[in-house]
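Hello,

Here is the structure I promised to pass on to you. Have a look at it first, and then read on for my notes on what turned up.

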Amino acid sequence: MPILKRFLVYSFIAVLLFWANEEIKVKVASYTKNILGVPSGGIVFVNQLASADFKNGSIEHPFSEIKEALEFIKKNSSFKIIHVSTGVYSEKVSLPENVILTGETASDGKLLTSIQSPEKGSDDVIVANNNVTLFRLLIKDGRYNVHIPENKDNVLISNCTITNASKYGIFNEKNSSNLPRLRIINTSVVENGKQGAYLKKSSVEIRNSFFNRNGEEGIDLHAGMTTVIDNVEVMENKEGGVETEIGDINLIIKNSKFIGNGSSGINLQTFEENSFIEIRNNIITNNLHFGIRCALHAPIKSPYFTKMVKISDDNVFDQNGKEDIDPTCKAR
């Protein structure tokens, strides 16, 4: 073979080997990502700064949007936790059953993960299903920031801030049976357009939380509920602090503060069925009308309030605009 021809053949072979070697490198890199960087431990990761070239939900290669994590979970039911890194995520999030959605906090406790409505005030931010947990999230700018549809059970909202909804910070729809459970723990529900929490028939536990400066009531409860409010601050809401219908309810309000609300600190309204309400060891001050009001909003048979409402002597009242306890509460 002539020398020039031999040189050209060897050169061509060298080029082929180079290309093959580069292709092998790419395949090896892709294999490494898929085998060594797969999601594990039931956790899917989201980071808005994720690289666009490869995303699989692992900690090394997170998704960049929550909706991508939700699509992954639909296909991989063993994954139950979505960890969302620091950032602002403009998404509407509809969570399937049995999912924990968690964000990040700074060393001082400041929430670093924010989820907001893509169109301010026009849509729900998070829609929760059965057995859903929301943890360490700033949730804002929706119509309802957290929406719990009818008959959804066992929802936990913990260590969150829920703010600036055009309507309700938390909206729990009416449930037809078995009193599905909602727990609100260590959470701030503040500066929403209407009620901080608008809660219909359910079993609700609210502890160590804040319901301040909302456009109407801080907490609005309805008939058919079992509710515990413990160590909660309800301040400077434009209407009442807590309002409830007295209709087939069991309500305990204890160790809490109702201060500076634009109507009464606690507003109890007649409805139609038997109930039990206990109000003890609270600070109820500087509310515009009554500390505790008993409102006749439906026909009743006497005695009514004295039969169903127990107001203990360890409550502290001061400087409420009308009276500390509405005389109707004591009427027989």
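Let me begin with one residue, Thr133, which is found in strand E8 (residues 133-135). Please keep in mind throughout that this is a predicted model. Is Thr133 buried or exposed? Its relative accessible area is 18%, and because buried means under 20%, Thr133 counts as buried. Once its neighbours within four places in sequence are set aside, Thr133 is in contact with Val99, Ile100, Leu101 and Leu156.

Now for the wider view. The protein has 332 residues, and buried residues make up 47% of them. Its secondary structure comes to 3 helices and 30 strands. If you take the contacts between residues at least 6 apart in sequence, 58% of them join residues at least 24 apart. The accessible surface is about 16100 Å², and carbon and sulfur atoms account for 52% of that.

On to the strands. There is an open sheet of 9 strands with parallel pairing, and the order runs E4-E7-E10-E13-E16-E19-E22-E25-E28. At its edges stand strand E4 (93-94) and strand E28 (292-295); each has a single partner strand, so one side of each is left without a neighbour in the sheet. In general, strands of a sheet pair through backbone hydrogen bonds, either parallel or antiparallel. For one pairing to look at on screen, try strand E7 (residues 126-127) and strand E10 (residues 144-148), which pair in the parallel sense over 2 bridges. Ile126 has Val146 as its bridge partner in E10.

You may want to know about the cysteines. How many disulfides are there? The count comes to 1, and this disulfide joins Cys294 to Cys329, with 2.0 Å from S to S. The link of Cys294 and Cys329 is right-handed, with 105 degrees about the S-S bond. Cys294 lies in strand E28, while Cys329 is in the segment after strand E30 (316-318), so the pair ties together parts that are 35 residues apart in sequence. Both Cys294 and Cys329 are buried. Another cysteine, Cys160, is buried too, with a relative accessible area of 2%.

The aromatic side chains are worth a look as well. A search of the whole structure finds 8 aromatic pairs. One of them is Tyr168 with Phe171, a tilted pair with 5.4 Å centre to centre and 55 degrees between the planes. Tyr168 is buried at a relative accessible area of 12%, and Phe171 also counts as buried, at 8% relative accessibility. Tyr168 and Phe171 belong to one aromatic cluster together with Tyr144 and Tyr198. Over the face of Tyr144 lies Arg143, at 4.3 Å from the ring centre.

Last comes a helix. Which residues of helix H2 (residues 66-75) are buried? They are Ile66, Glu68, Ala69, Leu70, Phe72 and Ile73. An α-helix has 3.6 residues a turn, so residues three or four places apart point the same way. What covers the buried residues of H2 includes several strands: E1 (43-46), E2 (81-84), E3 (87-90), E4, E5 (100-102) and E6 (113-116). You have met E4 already, as an edge strand of the open sheet.

Happy browsing, and do write back with any questions.

Best wishes

Definitions and conventions: Residues are numbered from 1 along each chain as its sequence is written. This is a predicted model: local features need pLDDT of at least 70, side-chain atom pairs count only at pLDDT 80 or more; totals for chains, interfaces and linings use all residues. Side-chain values use heavy atoms; hydrogens and water are left out. Two strands pair if DSSP finds at least two bridges between them. Helices (H or I, at least four residues) and strands (E, at least two) are DSSP runs, numbered from the N terminus. Buried means under 20% relative accessible area, exposed over 50%, partly exposed in between (1.4 Å probe, protein chains only). Contact means heavy atoms within 4.5 Å. Accessible areas come from the Shrake-Rupley method with a 1.4 Å probe; for residues, only the protein chains shown count as cover. A disulfide is a pair of cysteine sulfur atoms within 2.5 Å. Rings of Phe, Tyr and Trp (its six-membered ring) pair if their centres lie within 6.5 Å; planes under 30 degrees apart count as stacked, over 60 as edge-to-face and the rest as tilted. A charge sits over a ring if NZ of Lys or CZ of Arg is within 6 Å of the ring centre and within 35 degrees of the ring normal.
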